[in-house]
Amino acid sequence: MNIDNLTLGQIKQIQALLGNHSTPSQDGLNAMLGKKVIIRTYSAGVWFGELEQKAGTEVIIKNARRMWKWWAKEGISLSACALYGIRHNDSKIVEAVDSVWLEAIEIIPCTDVAINSLESAPHVKAQ
């Protein structure tokens, strides 16, 4: 057998035998990939966006809005923001950037109600 002449099918069979899967599982720690989340970071504050990639504590979120100041519609925590959304008058949410690479200490999936609230929040301007 010449390794240079292997077909794609043969390579896939070898990968299956070795337990080598090139696509990440959507279970466990990767279950939130593609979902809208709130990210708390070590030093870059709090962000809302779609979780695109995760490796250890590093994440990339797309359509990312920094939550410079936030106040939950109900409750007092970021978890409440992820469940119920924010009070627009008491919060300052920055315009979205295409993507941002962060070190996450907390990843909270958002409900549809929270997503609508965060996406419709006015863009904060300098005062």
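Which residues is Leu51 in contact with, leaving aside its neighbours within four places in sequence? Contact here means heavy atoms within 4.5 Å, and on that basis Leu51 is in contact with Met32, Leu33, Gly34, Lys35, Val37, Val59, Ile60, Ile61 and Ile107. The model is a predicted one, in which local features need pLDDT of at least 70 and side-chain atom pairs count only at pLDDT 80 or more, while totals for chains, interfaces and linings use all residues. Residues are numbered from 1 along each chain as its sequence is written, and side-chain values use heavy atoms, with hydrogens and water left out.

**Overall build**

The secondary structure of the chain comes to three helices and five strands, where helices (H or I, at least four residues) and strands (E, at least two) are DSSP runs numbered from the N terminus. Read from the N terminus on, the elements follow the order α-β-β-β-α-β-β-α. Buried residues make up 30% of the 127 residues in the chain; buried means under 20% relative accessible area, exposed over 50%, and partly exposed in between, with a 1.4 Å probe and protein chains only. The chain exposes about 8400 Å², of which carbon and sulfur atoms supply 53%, the areas coming from the Shrake-Rupley method with a 1.4 Å probe, and for residues only the protein chains shown count as cover. Among the contacts in the chain with a separation of 6 or more, 59% are accounted for by residues 24 or more positions apart.

**Strand pairing**

Two strands are said to pair if DSSP finds at least two bridges between them, and the table lists pairings in this chain.

| Strands | Sense | Bridges | A facing pair |
|---|---|---|---|
| E2 and E3 (residues 58-69) | antiparallel | seven bridges | Glu50 opposite Lys62 in E3 |
| E3 and E5 (residues 97-109) | antiparallel | six bridges | Ile61 opposite Val100 in E5 |
| E1 and E5 | antiparallel | five bridges | Ile39 with Ile107 in E5 |
| E3 and E4 (residues 92-93) | antiparallel | two bridges | Lys69 opposite Lys92 in E4 |

A further bridge partner in E5 is Val97, which faces Ala64. The hairpin of E2 and E3 has two residues between the strands, and in this hairpin Gly56 takes a positive phi near 65°.

Leu51, with which this report opened, lies in strand E2. Leu51 counts as buried because its relative accessible area is 2%. Leu51 and Asn63 are twelve residues apart in sequence, and their C-alpha atoms are 9.4 Å apart in space.

**Nonpolar cores**

In soluble globular proteins, nonpolar side chains tend to be buried together. A nonpolar core is taken here as a set of buried Ala, Val, Leu, Ile, Met, Phe, Trp, Tyr and Cys residues joined through side-chain atoms within 4.5 Å. The largest such core has 17 residues, of which Ile38, Phe48, Met67, Leu78, Ile86, Cys110 and Leu118 touch the most other members. Strand E2 (46-55), helix H2 (78-84) and helix H3 (112-119) each supply at least two residues of this core, and H2 gives the most to it, with four residues. Apart from this core lies another, of eleven residues, among them Leu33, Ile39, Ala64 and Ala104.

**The cysteines**

Not counting residues up to four places away in sequence, Cys110 touches Lys36, Val37, Ile38, Phe48, Ala82, Ile115 and Leu118. A search of the whole structure finds zero disulfides, a disulfide being a pair of cysteine sulfur atoms within 2.5 Å. Cys81 is in no disulfide, and the nearest cysteine sulfur, that of Cys110, is 8.8 Å away. Cys81 is buried, since its relative accessible area is 0%, and Cys110 is likewise buried, with a relative accessible area of 13%.

**Thr41 at the end of E1**

Thr41 has its place in strand E1 (residues 36-41). Because its relative accessibility is 7%, Thr41 counts as buried. Its side chain reaches the backbone nitrogen of Ala44 at 2.7 Å, and a polar atom of the side chain of Thr41 lies 2.8 Å from the backbone oxygen of Gly45. A polar contact is a pair of N or O atoms within 3.5 Å; within protein, one must be able to donate a hydrogen and the other to accept it, and residues adjacent in sequence count only if both atoms are side-chain atoms. Not counting residues up to four places away in sequence, Thr41 touches Trp47, Leu102, Glu103, Ala104 and Ile105.
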